[in-house]
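Me: Please set out how charged side chains pair and how nonpolar ones gather in the structure shown below.

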Amino acid sequence: MSQDTWERFPSSAALGRDEIEKILPHRGHMALLEKIERDGADAMLAEVPLSMDAFWVAGHFPVPKGGEAASAKFKVGPIFPGVLMVESAAQAGICLWRMQMGIAETGGRLMVFKEVTKARFMKEA
């Protein structure tokens with residue numbers, strides 16, 4: 001994908017972690033995206049794998065060994081942290097922008113948020 005533009009990125013194509021690592025500087029636990037698929041002319045789907053082995057599970061509303069939820073009132077177990085939802089969206093956005101602009105590798109340039117304001121997480125339907 002070194003010289004591909006968004007138009008040349010096939011609508012059925014998918015990028016795996018190796019290709020994503022060429023686009024994003026994130027590594028280790030903070031490399032959140034596992035797969036990216038083009039979805040139409042100007043959109044994409046990004047996959048973030050979630051498992052009970054993830055680094056954040058043990059401390060984010062954990063389920064005790066007995067199986068009861070951390071909060072009897074809400075009966076919840078591990079919840080994917082909102083800050084990681086925002087980070088996942090940011091990583092996907094960087095990939096989308098770079099692919100649309102035909103910039104397949106970081107080239108030493110770093111993209112960061114200036115700020116996040118009015119972020120809200122809606123309750124499950």
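**Salt bridges and nonpolar core**

Me: How many salt bridges does the structure hold?
Reply: A salt bridge here is a side-chain nitrogen of Lys or Arg within 4 Å of a carboxyl oxygen of Asp or Glu. The model is predicted, so local features need pLDDT of at least 70 and side-chain atom pairs count only at pLDDT 80 or more, whereas totals for chains, interfaces and linings use all residues. Residues are numbered from 1 along each chain as its sequence is written, and side-chain values use heavy atoms, with hydrogens and water left out. The number of salt bridges is 2.

Me: With which residue does Arg-17 form a salt bridge?
Reply: Arg-17 is partly exposed (between 20% and 50% relative accessible area, 1.4 Å probe, protein chains only), at 26%. The closest N and O atoms of the pair are 2.7 Å apart. The partner of Arg-17 is Glu-34.

Me: What is the N to O distance between the side chains of Lys-35 and Glu-37?
Reply: Lys-35 has a relative accessibility of 30%, and Glu-37 has 32%. Their side chains meet in a salt bridge, with an N to O distance of 2.9 Å.

Me: Which helix gives the most to the largest nonpolar core?
Reply: A nonpolar core is a set of buried (under 20% relative accessible area) Ala, Val, Leu, Ile, Met, Phe, Trp, Tyr and Cys residues joined through side-chain atoms within 4.5 Å. The largest has 11 residues, including Leu-15, Ile-36 and Met-99. With 4 residues, the helix that gives the most to this core is α2.

Conventions
Helix = DSSP H or I, 4+ residues; strand = E, 2+ residues; numbered from the N terminus.
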